[in-house]
Amino acid sequence: MAENGITEQLKQLRPERASREEIEYVHATPYVQQVEAVCKRGGGMLDLDTPVCRDTCETALLAAGGLIKAVDDVMHASDSLKHVFALIRPPGHHATSMRGMGFCIYNNIAIAAEHLKRRYGLHRILIVDWDVHHGNGTQQVFFEDPSVLYFSTHQHPHYPGTGWIDEVGRREGQGFTVNVPLPAGTGDAGYLYALNTILVPIAREFKPEFVLVSAGFDAHAADPLASMNVTSQGFGLFTDLIVELARKSSQGRVVMALEGGYNLEALAESIISVFKALLANGEGKLETGGEPTSAIERVRKRVEEITVVQREYWGL
Ligand SMILES: [Zn+2]
């Protein structure tokens with residue numbers, strides 16, 4: 001970021017630790033106690049791929065607290081601060097109320113959304129999750145909650161296995177979970193087609209007061225954990241689309257939280273492209289390459305299936 005002249009254009013915010021009360025907006029007390037106990041005894045495993053060391057508790061509190069700080073600053077800012085990207089780890093979107101999994105300890109984005117509801121009385125929050133994995137934890141937390149619309153694109157079938165198109169929310173939350181499982185191999189054009197055809201019209205109707213993004217970069221073509229074909233510039237294009245959508249409904253408020261991304265070069269390049277899009281504030285358009293029509297054809301078919309399901313709730 002420094003090499004690309006990005007750092008000097010930014011205002012840096014210092015994260016603060018989330019309080020126990022804030023963590024428990026989303027997580028059950030026994031789970032929080034379990035995490036604390038594992039840290040205290042020097043470390044252990046929460047599940048097969050979620051290791052915890054002595055410092056994990058502190059870091060996880062700073063991650064969640066950093067995102068809370070980000071949304072607070074955007075809520076308090078006059079109009080100069082509309083976009084924040086929280087470069088935090090560990091990620092959060094797999095953590096459910098009762099357990100950590102998939103490298104995630106506390107569900108940062110869910111905690112931030114709850115904070116927006118409780119502290120500011122917001123009742124239309126949009127979470128866009130473009131991490132290549134389905135955010136099962138975030139979905140679970142808001143499955144019956146119509147005030148938080150959870151929208152996820154993810155490779156399917158893939159870890160953690162959830163996120164099929166018929167998971168649409170329950171009770172009052174019905175229609176407020178929108179899953180867009182995409183076939184392996186989907187690239188920029190396929191993603192943009194899905195975002196434009198499903199997310200844009202639903203967001204227009206939902207009119208979010210705040211937009212949160214679970215920004216993972218593991219859908220990148222170079223990522224070792226998944227099989228999608230998104231380019232670094234592609235993530236900038238997704239950001240353009242989200243900034244535009246936020247401009248129309250949420251006074252431009254967009255806060256992004258880092259989720260996955262396992263090729264560090266691709267991660268750095270993608271994040272720079274996101275920052276460029278945030279700094280351009282919808283003014284600069286990035287170029288993208290094409291991809292084979294067969295890949296887009298498969299996405300079109302899937303999007304058609306999703307439209308049929310979601311038409312029950314939204315004017316698609
Ligand atoms: Zn991921």
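Start at the zinc ion and display the angles between its donors: the four donor atoms subtend 53 to 154° at the metal, which makes the arrangement irregular. Tetrahedral geometry would need all angles between 85 and 135 degrees. Keep in mind throughout that this is a predicted model.

**Zinc site**

Select D131, H133 and D218. The protein donors of the zinc ion are two OD atoms of D131, ND1 of H133 and an OD atom of D218. These donors lie 2.0 to 2.7 Å from the ion. Along the chain the donors follow the spacing D-x1-H-x84-D. H133 sits in the loop between β4 (125–129) and α5 (136–141), while D218 sits in the loop between β7 (210–215) and α7 (232–249), so this pair ties together parts that are 85 residues apart in sequence. Switch on a surface for the protein: are H133 and D218 buried or exposed? H133 is buried, and D218 is buried too.

**Salt bridges**

Next, colour the charged side chains. Side chains of opposite charge can pair when their charged atoms come close. The count for this model comes to 13 salt bridges.

Select D145 and K117, whose closest N and O atoms are 2.6 Å apart in a salt bridge. D145 is in the loop between α5 and β5 (148–155) and K117 is in helix α4 (residues 108–120), so the pair ties together parts 28 residues apart in sequence. D145 counts as buried because its relative accessibility is 12%, whereas K117 is partly exposed, with a relative accessible area of 21%. Add E114 and R118 to the selection: together with K117 and D145 they are linked in a network of salt bridges.

Move to E144 and R171, which form a salt bridge with the closest N and O atoms 2.8 Å apart. This pair links distant parts of the chain, with E144 in the loop between α5 and β5 and R171 in the loop between β5 and β6 (177–182), 27 residues apart. E144 is partly exposed at a relative accessible area of 33%, and R171 counts as exposed at 55% relative accessibility.

Then select K248 and E244, a salt bridge whose closest N and O atoms are 3.7 Å apart. Both residues lie in helix α7, four residues apart, or about one turn of the helix. At 65% relative accessibility K248 counts as exposed, and E244, at 28%, counts as partly exposed.

**Strand β6**

Select β6. How many of its six residues are buried? Six of the six are buried. In a regular strand the side chains alternate between the two faces of the sheet. Here T177, N179 and P181 are buried on one side, and V178, V180 and L182 are buried on the other. Show β5 as well: β5 and β6 pair in the parallel sense over six bridges. One place to check the register is F151, whose bridge partner in β6 is V178.

**Nonpolar cores**

In soluble globular proteins, nonpolar side chains tend to be buried together. The largest nonpolar core in this model has 51 residues, and those with the most contacts inside it are F85, L126, W130, F151, F217 and M256. Helix α6 (residues 188–206) gives the most to this core, with nine residues. Centre the view on W130 and show its contacts, among them T153, V213, F217, F235, F238, I242, M256 and V274.

To finish, select C39, V52, V71 and I88, which belong to a second, separate core of 44 residues.

Definitions and conventions
Residues numbered from 1 in each chain as written. Predicted model: local features only at pLDDT ≥ 70, side-chain atom pairs only at ≥ 80, totals over all residues. Heavy atoms only, no water. Donors = N, O, S within 2.8 Å, 3.2 Å for Na, K, Ca; no water. Tetrahedral: all angles 85-135°; square planar, octahedral: opposite > 155°, others 65-115°. Helix = DSSP H or I, 4+ residues; strand = E, 2+ residues; numbered from the N terminus. Buried < 20%, exposed > 50% of the residue type's maximum accessible area, 1.4 Å probe, protein only. Salt bridge = Lys/Arg side-chain N within 4 Å of Asp/Glu carboxyl O. Pairing = 2+ DSSP bridges. Core = buried A, V, L, I, M, F, W, Y, C linked by side-chain atoms within 4.5 Å. Contact = heavy atoms within 4.5 Å. Lists of a residue's contacts leave out its neighbours within four places in sequence.
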